[in-house]
Structures are given as structure tokens and as C-alpha cells.
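Please open the structure in the viewer and keep the selection tool at hand. The tour proceeds by selecting one element after another.

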Amino acid sequence: MNLKHLHIIPILLILILSTNVYSQNPKENWEKYKQIEQSGFSIENLAIAKAYYDSLNSSAFLIIQNGKVVADWGDINRRFILHSVRKSILNSLYGIYSENGTIELNYTIGEIGITDKDSLSDLEKSAKIIHLLKARSGIYHKAAAEPPWVDDYRPERNSVKPDSLWFYNNWDFNVLGTIFEQSTQTSIYEALYNDIATPLQMQDYRIIDGEYYYELEYSNHPAYHLKMSARDLARYGQLFLQEGLWNDKQILSKNWVDSSTYPVSKHGGGGKIGRWYGWLWNVSEYYQDYKMYYAAGAGGQFLAIFPTEDLILVNLCNTYQRDKLYDKEIVKLFDLILASKMNKPIDNPALITLKTSSRIPEKLYQQKINHSKYIGDFTIDGRKALIIELNGDLILKDYFMKLKLFPISPNRFFVEDIEKYLIVVLDKKGFATKLSYD
């Protein structure tokens, strides 16, 4: 071989290795290992993990190895509320729009005109957008969708300079939503659909699966709640595992992914799993040998990425009915799964298409219903609820979410996602007067 061509060999090796890494993202449908052993997992050990999983209050779980499904447990195509996982999803939108020049991370909130119910001080206005991404703004204003315990730990207003103290602060996260929409002139949910869900070929996410949640007595800035299925959330994890590359397109830069998942704040919180913090991503102290980082939400919602193992674990709980997993349960389950991984997956494994069935009942009411007779304000189990019409569908607004209604009869509807039946009491003229769940 001519010596002048020897320098080409390392380059070719890099390209080949890169192709192996970056060709793993799922196609239109997820593919599953036909034989678990080919994924590198032990059938016997994984059965132990599954037995433990069955004892928990989880509703959907996925194990993804090399971009392929090892195991799918529960309702992986059912949309559940993500709670604070939403924050790690917002990270990607900031990655796209800061790198294309739309958002300047080093602008202060004073420069872009951010304020709130209680005016902000000059010190607070000096916080930069990047400080909010790191949860280090130093702005300790009350915020929407905060748990009650936050009041016991929140520092005093104007007690620290921006970027000097980490605090898990919903004000930072909610205001990032406001800044994003103000800067891009588009909604978070539309941007997520167009810039992330569509190129990743998410199968269940829709723009209506997002809902703003205001608590105007505390703040002018809403929380931006979100529903997503486990199989779609796994695609989002795969995007980060592949360092922002999807089907040969760099959706996020490698530098953005590396910066976002680097433990900027090593504060030692987060229970046994250990929650260090990057840019809207948690980084695990407990699993640091795996370089694991994760998105987590109330109730045990979890997207965990183990880069050294090319592994993704997704857990979603039915928080509509207040199911939850505790950190110690998540850690035990993850430990059992990691102990089940005995070898590297083989090249060119036998695969099957992962199939799921529709979650909508087959026997729907076929006659046309006058939607106007159902629209209005109601209460369900003491909670305020609302029925609206949106894009030709009847929508129930409950659990902070928009939920499609499918008629079984004029006074009985199947409620999508929470998968309960809504009983509607009608007056003599056919107008809805009362709602309850069956």
C-alpha cells in the first residue's frame, strides 16, 4: 500500500464507527430484538427484574439497547403527564434556537424585559438566560406548579448573586418557557412538534398534548405541562444518546448535548440516585460510572440515559390516578436491569417490528352529536373542569391537560389518555348539567 494513503485508514475507521453508532435510531416503528440473548441481556436475570417491576405502581416501561427494544412492559403508547420531565425536553428547543442565533443565552432577563407580579430588583434582572438553564438565577420569586415543600427551602429574595447557588426553582423553568415563546414568536408545543417530534417520527405526540398552567396569584409565568408516551419519550432519549444526530441530520450539536449533560452543579441532592445538575438535565452521582444522566418528574416519571452501555430506560406512572414510584424503587429496578446485561449485543440481530394496538374503543356512537350542548364549566370530584370544542373534537380540560372525548352514547364518553368513561347528565333539552367518571 502507498504510504501516502495510510492517513486515510484512521479516518475510514472513524466513519465506520460513527455509522455504527448513529444508525441506531428507530425507524417509523420501533424494532425489537426477536431473541433477548442477542441484545446482550440474560433472559433469566431480566425475568427477575420483570417480577420486581410487576410489584410496582408503574404503567409503562421500556428498555432500549442500541436503539432497539429489549423489553416493553405496560402501556407504552399511552400518553401520561410528564411533570418535570418537561424541563429536559425544553432543553432541546433552547439548543436549536440558541445555536441558530434566535436566542442569546448571555442576555440578561432585564435586557429582554422579563418581569413578574412583584417587580424584580436590579440584582435579579442581572441574571442571564444561561443561569436559568442551570437553575442558578438567584431569583426566588414564587412560581406556578410548585410543590408545597418549596416554601420551606426557598432562599430569601436578593440573598445571592446570579450563578452563585443552585436551587431547583420552578420560576427559572417557567420563565424559560416565556422567554422561548417571546423570542421565537411560536409556542413551545408547536416548536416541539415541528423541530423535535416530526424529525424523530414520534408516533403519539400532538400539539394539543401540551397545556399551560397558571397560578396568577403567585406569578404571571405559567408552567408548561406536557403529555407523552413512553415510546416517544424513548426517541427523545435516543436523540441525546446519539449526541444530537438523527438520520444523518445534526438536530442538536454535540457540544450542546455535552454541555447540557455535564454536572455543572454537584449539590448532592436527589436521594439515592444522586441529582447533580447540568442544563435542565439531572446527572446521577450514583450511576456516574455509566455517565448516566436523566430527566425526572413527580410520580416517578423517568428517562434515563446510560451512554457507556448505549442503554435507555423509560418509566411512566399513571399519575392521573396518583400512582407513583419512589426513588429507592427506581434504583432497585435499574440495578436489576443493569445486572441483567451480561454481554454486548451482537451485530445484525434478528428483529421484529414492535406493534401496539389502538387505545380507542371500537364501538363508538355513530350518530352526530351537537357539541354545543356539552360545552361549559363543570366540576368533577370537586375539581374544576371544562368542556370545549377544538378542531371539531370535544375536549375535556382536566388534570391540567386537554383530553379528547369519544362518544359511546349521548351521555357516556371515553376519555382518551386517562382511559376512563365520563358520564354526562343531560337536562330535558339535551344540555350537559353534570359530569362524573364511571
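Select residues 401-409, which form strand 19, together with residues 412-415, which form strand 20. In this predicted model, the two strands run antiparallel and are joined by four bridges. Display the side chains here: Phe 406 stands opposite Phe 414, the latter belonging to strand 20.

Next, widen the selection to the sheet around this pair. Strands 19 and 20 belong to an open sheet of seven strands, with the order 16-17-18-19-20-21-22 and antiparallel pairing. Its edges are strand 16 and strand 22 (432-437), each of which pairs on one side only. From one strand to the next, the twist averages 35 degrees.

Move now to the edge formed by strand 16. Select residues 376-380 for strand 16 and residues 383-390 for strand 17; five bridges join these antiparallel strands. Gly 376 has Ile 387 of strand 17 as its bridge partner. Where the hairpin of strands 16 and 17 turns, two residues separate the strands, and Asp 381 in that turn has a positive phi of about 50 degrees.

Keep strand 17 selected and add strand 18, residues 393-398. This pair likewise runs antiparallel and is joined by five bridges. Ile 388 stands opposite Ile 395 of strand 18. The hairpin of strands 17 and 18 has two residues between the strands, and Asn 391 takes a positive phi near 55 degrees there.

Leave the sheet and select helix 3 (residues 85-99) and helix 9 (residues 230-241). Two packed helices are described by the angle between their axes and the distance between the axes. How far apart are the axes of helix 3 and helix 9, and at what angle do the helices pack? The axes lie 12 Å apart, and the angle is about 50 degrees; the two helices are therefore oblique to each other. Helix 3 passes helix 9 in a left-handed crossing.

To view the contact, show Val 85, Ser 88, Ile 89, Asn 91 and Ser 92 of helix 3, which meet Leu 233, Tyr 236 and Phe 240 of helix 9. By class, this contact has five nonpolar residues, three polar residues and no charged residues.

Finally, turn to the aromatic rings. The structure holds 33 aromatic pairs. For one of them, select Trp 166 and Tyr 277: the ring centres are 5.6 Å apart and the planes stand at 55 degrees, so the pair is tilted. Trp 166 lies in the loop between helix 6 (150-153) and helix 7 (170-184), whereas Tyr 277 lies in strand 10 (residues 275-277), so the pair ties together parts that are 111 residues apart in sequence.

Notes: Residues are numbered from 1 along each chain as its sequence is written. This is a predicted model: local features need pLDDT of at least 70, side-chain atom pairs count only at pLDDT 80 or more; totals for chains, interfaces and linings use all residues. Side-chain values use heavy atoms; hydrogens and water are left out. Two strands pair if DSSP finds at least two bridges between them. Axes are lines fitted to C-alpha atoms, for helices over the stretch in contact, and angles run from 0 to 180 degrees between N-to-C directions. Angles under 35 degrees count as roughly parallel, over 145 as roughly antiparallel, 65 to 115 as roughly perpendicular and the rest as oblique. A crossing is left-handed if the near helix is turned anticlockwise from the far one by less than a right angle, and right-handed if clockwise. Contact means heavy atoms within 4.5 Å. Ala, Val, Leu, Ile, Met, Phe, Trp, Tyr, Cys and Pro count as nonpolar, Asp, Glu, Lys and Arg as charged, and the others, Gly among them, as polar. Rings of Phe, Tyr and Trp (its six-membered ring) pair if their centres lie within 6.5 Å; planes under 30 degrees apart count as stacked, over 60 as edge-to-face and the rest as tilted.
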